[in-house]
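These are my notebook entries on one chain. I set down what I looked up, entry by entry.

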Amino acid sequence: MLSHNGCMGTSSGFAVVDFETTGLSAARGDRAIEVGIVQVAPDGTIEDQAETLIHVERDLGLQSLHHINAAELMHAPDFAGIARRFAKLLEHRVFVAHNAAFDSSFLANEYARLGYRIPVNDVNTVCTLKLARRILGVGALAKCCAMCGIDNADAHSALSDAQATAELLGIFLTEDPGWNAWSRSMQDAAESIWPDIREEERAWLPRRSHESPSEAQESMLGGTLHSSVEHSLSALIARGCPEDSPVEASSETVSSYTRLLNASLTNGRLSEHDSIALANLSCELGLSQHQCARIHESYVLEVAQALWEDGVPAKDELDALAKIGQALSVRPSVIEQATRIDTTEDLTSAIPVITHAVDHAANAYHRLTLAEGDRLALTGSMSRRRSEWEEILRALGIAPQSAVTKATRVLVAADPDTESTKARKARAYQIPIVDEPWLERAVSDGIDTYIAD
């Protein structure tokens, strides 16, 4: 699949790259989930830069290290969507990374998944980690930055690490301009032949915590920038459902929607996957925006009523209920009514029934509890080791499963928006996905839980 196009006579300079990944081994199936690239001229001058998250359908590994959540990746391009543009940014440039063997292995592996063999390997790259050990006497990027006065405030984000590495490269070019590998690697880059990448391009998407892309990034991306789109449940419903409908929804229709709504809110919040699934179902069922809004309000009031039936709700329970109301875009007046600490009224009768459909939304709320014999699966890297959780669960009579089946009661995920195989199966079976804090509460309450922050 190699292109037969002629190559440039001289190298364009350097391409400094950093990947954030799901783990440490591309050979064992770990994937790239973010890339930052900084183009550097032959004299060490920084020319341009770009970054994007990369969508993968798998668990994201140690999220406490890279701080990337699955919800962000849902809207990012997969590697196929960035492969062509990325190749253009790398072509005829020396590949540079801090631990080049690591980053080049992920680069080669991602292109290999698409069927391409690229002219980058651990022989024709420049590794600033090795140079740092020779020139500075230290290797870790953080230590190099501290020694050289380089600011890397957003360490373990791909672009920030690539920027710091690019600055380090400039220092090494100045400190050791006669190093023979400079000219050799430049010649290799000039003569390299890249594959003709045919995959369709998609917009690049930086992580949400980063500021808007700079003009420099816009030039590198050829104007192909991601425009932020609201992904709240109400916005998704508004994009697919009519504002109102003269047709009353049947009790079966409303029950179908409220069952998924209740399962989605087991964790006390809506994940982005939950919002998308609910919006898709509302359209399939023919519900209008107005009907959905009333069902949401009835649901919030019903949860409040259930809390009062167990006694005076704790403040954290009411705060969590308010957050549910906000996630469902429930009117502030209804949220205030549902979370009043001094109320004893029948809250479910407090909201007027606008259509017959809402009348069938009663008793939608059912609190998820665990009991002996329940089957539970876990996915992702949590604060407790998997073996520790399994030991705790077995002691309580809960059966940990290595895979999700239709008999699974609940899936506990490090990130409820994960696209691991277990999570995809759980969504297909409409099995609730909860986080580790939910399980901690369930265990501490004696295999019972409640909505809490």
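**Entry 1: a glutamate**

In which helix is E72 found? I located E72 in helix 2, which covers residues 70–74. I note at the outset that the model is predicted.

I then asked which side chain of opposite charge is nearest to E72. That side chain belongs to R208, and the distance is 4.7 Å. A salt bridge requires a nitrogen and a carboxyl oxygen within 4 Å, so E72 has none, although E72 is buried.

I looked next at the backbone of R208. The side chain of E72 reaches the backbone nitrogen of R208 at 2.6 Å. With residues up to four places away in sequence left out, I listed the contacts of E72 as L53, H67, L205, R207, R208 and S209.

**Entry 2: the partner of R208**

Having found no salt bridge between R208 and E72, I checked R208 for another acid. The side chain of R208 forms a salt bridge with that of E272, at 2.7 Å from N to O. This pair joins distant parts of the chain, 64 residues apart: E272 belongs to helix 12, and R208 to the loop between helix 8 (180–191) and helix 9 (215–220). E272 counts as buried because its relative accessibility is 14%, under the 20% limit.

**Entry 3: a network of charges**

I counted 14 salt bridges in the model. Side chains of opposite charge can pair when their charged atoms come close.

Which residues are linked with E297 in a network of salt bridges? They are R294 and R331. The closest N and O atoms of R294 and E297 are 2.7 Å apart. Both residues lie in helix 13, separated by three residues, or about one turn of the helix.

For R331 and E297, the closest N and O atoms are likewise recorded at 2.7 Å. Here the pair spans 34 residues and links distant parts of the chain, with R331 in the loop between helix 14 and helix 15 and E297 in helix 13.

I compared burial across the network. E297 is buried, at a relative accessible area of 4%, and R294 counts as buried at 13%. R331 counts as partly exposed because its relative accessibility is 36%.

**Entry 4: nonpolar cores**

I turned to the nonpolar side chains. In soluble globular proteins, nonpolar side chains tend to be buried together.

Which members of the largest nonpolar core touch the most other members? Among its 33 residues they are L233, Y257 and L328. At least two residues of this core come from each of helix 10 (233–240), helix 11 (251–264), helix 12 (272–285), helix 13 (289–309), helix 14 (315–327) and helix 15 (332–338). Helix 13 gives the most, nine residues.

I listed the contacts of Y257, setting aside neighbours within four places in sequence. They are L233, I237, L278, L281, S282, L285, L287, C292, I295 and H296. A second core, separate from the largest one, has 30 residues, including F79, L89, Y111 and V120.

**Entry 5: the sheet**

I then traced the strands. In what order do the strands of the open sheet run? The five strands follow the order 3-2-1-4-5, with mixed pairing. Strand 3 and strand 5 (126–127) are the edge strands, each pairing on one side only.

Strand 1 (residues 13–21) is joined to strand 2 by eight bridges, and the two run antiparallel. Within this pairing I found F14 opposite V40 of strand 2.

Strand 2 (residues 32–40) and strand 3 (residues 46–53) are also antiparallel, joined by seven bridges. I37 stands opposite A50 in strand 3. These two strands form a hairpin with five residues between them, and in the turn G44 has a positive phi of about 95°. L53, at the end of strand 3, is one of the contacts of E72 from my opening entry.

**Entry 6: the whole chain**

Lastly I recorded the totals. The chain has 19 helices and nine strands. Of its 453 residues, 53% are buried. Among contacts with a separation of 6 or more, 72% are between residues 24 or more positions apart.

Note on methods:
Residues are numbered from 1 along each chain as its sequence is written. This is a predicted model: local features need pLDDT of at least 70, side-chain atom pairs count only at pLDDT 80 or more; totals for chains, interfaces and linings use all residues. Side-chain values use heavy atoms; hydrogens and water are left out. Helices (H or I, at least four residues) and strands (E, at least two) are DSSP runs, numbered from the N terminus. Buried means under 20% relative accessible area, exposed over 50%, partly exposed in between (1.4 Å probe, protein chains only). Lys and Arg count as positive and Asp and Glu as negative; His and the chain ends are not counted. A polar contact is a pair of N or O atoms within 3.5 Å; within protein, one must be able to donate a hydrogen and the other to accept it, and residues adjacent in sequence count only if both atoms are side-chain atoms. Contact means heavy atoms within 4.5 Å. A nonpolar core is a set of buried Ala, Val, Leu, Ile, Met, Phe, Trp, Tyr and Cys residues joined through side-chain atoms within 4.5 Å. Two strands pair if DSSP finds at least two bridges between them.
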